[in-house]
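Trainee: Could you help me learn to read a protein structure, one feature at a time?
Mentor: Gladly. Let us open it together.

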Amino acid sequence: MAVKTRRLTPKLKAAVETYRALQDRSKHPDGYFDEIGRWYPSDDEFQDCCGKIGSPTKKFPYSYMLHCRTAVHVAHRHGVAVADLKHQILRKHPAKREGGNTYYKAVALVDGRYLSIFDGVTEYKIGETTVDRARQKHQGGIYCYDNLDQALSADVPPSAALRSADRVVLRVRAEGSYCRYPGGKLAFSRVTPLEVVRAV
């Protein structure tokens, strides 16, 4: 007996692309934060499946956001079957999580200390983990880059506290939740410097 195949329709293809973008953080669900940092989906983002999710709390503010990145939610939003979307994801688009030991971060070198170029205060020490929860729209996280060239050529705004200081690039281990921005820039929630790789 012939096996029925799931055809990749335009709607299903769009759902797969949305799911992948949400997973690698190049796209974010449409929504907003309230005054204490809880995230809620917009009216357009909210689907029937969201009604089964517990409301966010101060301790767990991202219950809706995490759900809105799932295949179940994406399937509802695009009007495709959940099983069809999961089939396509597993068959052609295996999930990839960012993180590991091959990210790079430019820092200011001041009196032998590695300091944030932007605030001039945060210190990075080899082997010690710095924590700052990553949030979309540049609202949090520790910034680093996919590769050395991107870190070397990263733009520094005029308002940066240590814009004119000497700089080095650190190879870092990046972990936890993250957001991806254009140009290979990412914001991770945990970053651990491993070694100095280049003076700028």
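Mentor: Start with the contacts: among those in the protein between residues at least 6 apart in sequence, 65% join residues at least 24 apart. Keep in mind that this is a predicted model.

Trainee: How many helices and strands are there, and how do the elements run from the N terminus on?
Mentor: The protein has five helices and nine strands. Read from the N terminus, the order is α-β-β-α-α-α-β-β-β-β-β-α-β-β. The C-alpha trace spans about 70 × 45 × 30 Å along its principal axes. Of the 200 residues, 40% count as buried.

Trainee: Let me try a helix. Which residues of helix 3 are buried?
Mentor: First the general idea: an α-helix has 3.6 residues a turn, so residues three or four places apart point the same way. In helix 3, residues 71-78, the buried ones are Ala 71, His 73, Val 74 and Ala 75. Look just past the helix as well: Gly 79 follows helix 3 and has a positive phi, near 70°.

Trainee: And where is Ala 21?
Mentor: Ala 21 belongs to helix 1, residues 10-23. With a relative accessible area of 15%, Ala 21 is buried. If you set aside the neighbours within four places in sequence, Ala 21 is in contact with Ser 26 and Lys 27. You can also compare places along the chain with places in space: Ala 21 and Leu 115 are 94 residues apart along the chain, and their C-alpha atoms are separated by 32 Å.

Trainee: Next, the strands. How many bridges join strand 3 to strand 8?
Mentor: To read a pairing, ask which residues stand opposite each other and in which sense the strands run. Strand 3, residues 100-110, is joined to strand 8 by seven bridges, and the two run antiparallel. Within this pairing, Lys 105 stands opposite Leu 170 of strand 8. Strand 3 also has an antiparallel partner in strand 4, residues 113-115, with three bridges between them. There, Val 110 stands opposite Arg 113.

Trainee: How many residues lie between the strands in the hairpin of strand 3 and strand 4?
Mentor: Two residues lie between them, and in this hairpin Asp 111 takes a positive phi near 50°.

Trainee: Which other residues have a positive phi although they are not glycines?
Mentor: Lys 137 is one, with a phi of about 60°, and His 138 is another, also at about 60°. Lys 137 lies in the loop between strand 6 (130-131) and strand 7 (142-145), and His 138 is in the loop between those strands too. Lys 137 is exposed, with a relative accessible area of 60%, whereas His 138 is partly exposed, at 45%.

Trainee: What covers the picture for strand 7: which of its residues are buried on one side and which on the other?
Mentor: Both faces of strand 7 are covered, with Ile 142 and Cys 144 buried on one side and Tyr 143 and Tyr 145 buried on the other. Strand 7 pairs with strand 9, residues 185-199, in the antiparallel sense over four bridges. The bridge partner of Cys 144 in strand 9 is Leu 186.

Trainee: That was a cysteine. How many disulfides does a search of the whole structure find?
Mentor: A disulfide is a covalent bond between the sulfur atoms of two cysteines. The search of this structure finds zero. Cys 50 is in no disulfide, and the nearest cysteine sulfur, that of Cys 68, is 4.4 Å away. Because a disulfide needs the two sulfur atoms within 2.5 Å, that pair does not count. Cys 50 is buried, at 0% relative accessibility. Cys 179 is in no disulfide either, with the nearest cysteine sulfur, that of Cys 144, 12 Å away. Cys 179 is buried too, with a relative accessible area of 4%.

Trainee: One last feature: is Arg 167 buried or exposed?
Mentor: For a charged side chain, ask what surrounds it. Arg 167, in strand 8 (residues 167-180), is buried yet has no salt bridge. The nearest side chain of opposite charge, Asp 166, is 8.1 Å away. A polar atom of the Arg 167 side chain does lie 3.1 Å from the backbone oxygen of Arg 163. Beyond its neighbours within four places in sequence, Arg 167 has contacts that include Val 107, Leu 109, Ile 117 and Val 200.

Terms used
Residues are numbered from 1 along each chain as its sequence is written. This is a predicted model: local features need pLDDT of at least 70, side-chain atom pairs count only at pLDDT 80 or more; totals for chains, interfaces and linings use all residues. Side-chain values use heavy atoms; hydrogens and water are left out. Buried means under 20% relative accessible area, exposed over 50%, partly exposed in between (1.4 Å probe, protein chains only). Lys and Arg count as positive and Asp and Glu as negative; His and the chain ends are not counted. A salt bridge is a side-chain nitrogen of Lys or Arg within 4 Å of a carboxyl oxygen of Asp or Glu. A polar contact is a pair of N or O atoms within 3.5 Å; within protein, one must be able to donate a hydrogen and the other to accept it, and residues adjacent in sequence count only if both atoms are side-chain atoms. Contact means heavy atoms within 4.5 Å. Two strands pair if DSSP finds at least two bridges between them.
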